[in-house]
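I opened this structure to look for enclosed and open spaces. My notes on cavities and pockets are below.

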Amino acid sequence: MPIKAILTDIEGTTSSVKFVYDVLFPYAVRQLPGFVREQAHDPQVAVQIAAVRTEAGEQDASLEQVIDILLGWMSEDRKVTPLKALQGLVWQRGYETGELKGHVYPDAVAALKRWKEEGYDLYVYSSGSIQAQRLLFGYSEAGDLTTLFSGYFDTTSGGKRVPASYVAIAHAMGMPSEHVLFLSDIGEELEAANAAGMAVCGLAREGELDILHPVVANFTAIEPSAF
């Protein structure tokens, strides 16, 4: 079936892993404790604090204990939805003040713009929250790229290494999985998407990617019509 939509990962795919680990994560570690203390009574923050207590199985945890849990999850690089949501709120402040600028590889910017012009629907699927995704592309070094995308998906759609997540995403797109091309730098994610019926292409920007699917070094080498 012809490809009609392209679903892309962010970290290591459209954007540098170093940006996430050397810029975004350290910023969140520095800013999150104070942010949670200041905004604890804000409804959108309060609901995430409650979700942290539920996820950790510590319903009676104090605010300081919640902060400790969050910092622990960050040190472990846990893909926990309330943590991702709170990180997104912290990063929003950083982007809005100009302290942060989202990194997107120039080859990804050029290809995404070209694919949009060619009529492909573009979507994002990342372990980072939808809010964090919008911020990265909205405040990117290349300007506001959010107009390129038709939708965003995060861990609320399921784990990225689970085929059912990709089935659910295709359903949300309103098209068969076979019409979707998924891009990622993680073999297990590519295998899960392929098991769900999607065409896949691996990105190996640094090192190698050992999979039985097409692998390219950057977006310049990807031609959706070839899949």
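The entries take the cavities, then the pockets.

**Entry 1, cavities.** I am working from a predicted model. I searched for cavities of 30 Å³ or more and found three. The largest cavity has a volume of about 180 Å³. I listed its lining and got 16 residues. Closest to the centre of this cavity are Val20, Leu24, Trp91, Ser126 and Gly128.

**Entry 2, elements around the largest cavity.** I checked which elements give two or more residues to this lining. They are α1 (17–39), α4 (81–97) and α6 (130–138). Of the elements, α4 gives the most, with four residues. I then sorted the lining of the largest cavity by class: eight residues are nonpolar, five polar and three charged.

**Entry 3, largest pocket.** I turned to the open spaces. The largest pocket holds about 340 Å³ of space. I counted 16 lining residues here, and the closest to the pocket centre are Lys79, Ser127, Lys160, Arg161 and Glu189. How does this lining divide into nonpolar, polar and charged residues? I found three nonpolar, five polar and eight charged.

**Entry 4, second largest pocket.** I noted about 180 Å³ of space in the second largest pocket. Its lining includes Gly12, Ser16, Val17 and Lys18. Tyr105 and Asp185 also line this pocket. I added Leu203, Ala204, Arg205, Glu206, Glu208 and Leu209 to the list for the second largest pocket. By class, I have five nonpolar, two polar and five charged residues in this lining.

How values were computed
Residues are numbered from 1 along each chain as its sequence is written. This is a predicted model: local features need pLDDT of at least 70, side-chain atom pairs count only at pLDDT 80 or more; totals for chains, interfaces and linings use all residues. Side-chain values use heavy atoms; hydrogens and water are left out. On a 1 Å grid over the protein atoms alone, a cavity is a set of points where a 1.4 Å probe fits but cannot get out, and a pocket is an open set with protein on both sides within 12 Å along at least five of seven lines; lining residues have an atom within 4 Å of a point. Grid points are joined across faces, edges and corners, and a volume is the space filled by probe spheres set on the points. Ala, Val, Leu, Ile, Met, Phe, Trp, Tyr, Cys and Pro count as nonpolar, Asp, Glu, Lys and Arg as charged, and the others, Gly among them, as polar.
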